[in-house]
Amino acid sequence: TRILGPRQRRKITGLVISSDAIGVGRIKKKELRAKIYNYFKNKRFNTQEENQKIDAEIKGWFSYLEKIDPIGHRQMIKYHLKKKRENKTGKNEPDSF
């Protein structure tokens, strides 16, 4: 463990530690957000097995985030629900000619 200045990241076993909180870090949240986005964007092109695998990965990350970073968990759940609603209404469907 190495303690750095206030603007530098402190990371221990994959967790990012700040002066007031512990979390998974901005990079991991960005990766999860991209995984959610791509899941809904490519859902109809993937096989059912691929979709189940990706869905299980996302749910696993949600469980992990819930224990480590409750605020980040809520943000990701909101984003997931938003993309789910958009997918049902067809907002992210390409325009047909």
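This is a short tour of a predicted model, with a suggestion at each stop for what to select next.

**Stop 1: the core**

Start by selecting V24, L32, I36, Y39, F40, I58, F62, L65, M76 and Y79, and show their side chains. These ten residues make up the largest nonpolar core. Now colour the helices α1 (26-42), α2 (48-68) and α3 (70-89), the elements that each give two or more residues to this core. Of these, α1 supplies the largest share, with four residues. As background, nonpolar side chains tend to be buried together in soluble globular proteins.

**Stop 2: Y39 and its surroundings**

Stay with the core and centre the view on Y39. Which residues does Y39 touch, leaving aside those up to four places away in sequence? They are N51, I54, D55 and I58. At 7% relative accessibility, Y39 counts as buried.

Next, add F40, which is also buried, at 4%. The rings of Y39 and F40 form an edge-to-face aromatic pair, with 5.0 Å between centres and 70° between planes.

**Stop 3: along α2**

Select the whole of α2 and look at its length. Its 21 residues should span 30 Å at 1.5 Å a residue, and the C-alpha atoms at its ends are 30 Å apart, so expectation and model agree.

Then turn to its two sides. N51, I58, F62 and L65 are buried in α2. Around the axis they cover an arc of only 70°, which means they sit on the same side of the helix. The buried residues of α2 pack against α1 and α3. Rotate to the other side of α2, where E49, K53 and K67 are exposed.

Before leaving this helix, pick W61 and Y64. They are three residues apart in α2, about one helical turn. Their ring centres lie 5.6 Å apart with the planes at 85°, so this pair is edge-to-face. W61 is partly exposed, with a relative accessible area of 27%, and Y64 is partly exposed too, at 35%. A search of the whole structure finds two aromatic pairs, so you can hide the rings and move on to charges.

**Stop 4: salt bridges**

How many salt bridges does the structure hold? There are six, and three of them are worth a close look.

- Select K29 and D69. Their closest N and O atoms are 2.9 Å apart in a salt bridge. K29 belongs to helix α1 and D69 to the loop between α2 and α3, so the pair ties together parts 40 residues apart in sequence. K29 counts as partly exposed at 22% relative accessibility, whereas D69 is buried at 10%.
- Select E57 and K35. Their side chains meet in a salt bridge at 2.7 Å, N to O. E57 lies in helix α2 and K35 in helix α1, so this pair links parts that are 22 residues apart in sequence. Both are partly exposed, E57 at 30% and K35 at 29%. Add K53 to the selection: K35, K53 and E57 are linked in a network of salt bridges.
- Select K83 and E86. Their salt bridge is 3.1 Å, N to O. Are these two residues buried or exposed? K83 is buried, and so is E86. Both lie in helix α3, three residues apart, about one turn of the helix.

**Last view**

To finish, bring the core selection back together with α1, α2 and α3, and add K29 and D69, the pair that joins α1 to the loop between α2 and α3.

Methods
Residues are numbered from 1 along each chain as its sequence is written. This is a predicted model: local features need pLDDT of at least 70, side-chain atom pairs count only at pLDDT 80 or more; totals for chains, interfaces and linings use all residues. Side-chain values use heavy atoms; hydrogens and water are left out. A nonpolar core is a set of buried Ala, Val, Leu, Ile, Met, Phe, Trp, Tyr and Cys residues joined through side-chain atoms within 4.5 Å. Buried means under 20% relative accessible area, exposed over 50%, partly exposed in between (1.4 Å probe, protein chains only). Contact means heavy atoms within 4.5 Å. A salt bridge is a side-chain nitrogen of Lys or Arg within 4 Å of a carboxyl oxygen of Asp or Glu. The expected span of a helix is 1.5 Å times one less than its number of residues. The arc is that of the directions from the helix axis to the C-beta atoms. Rings of Phe, Tyr and Trp (its six-membered ring) pair if their centres lie within 6.5 Å; planes under 30 degrees apart count as stacked, over 60 as edge-to-face and the rest as tilted.
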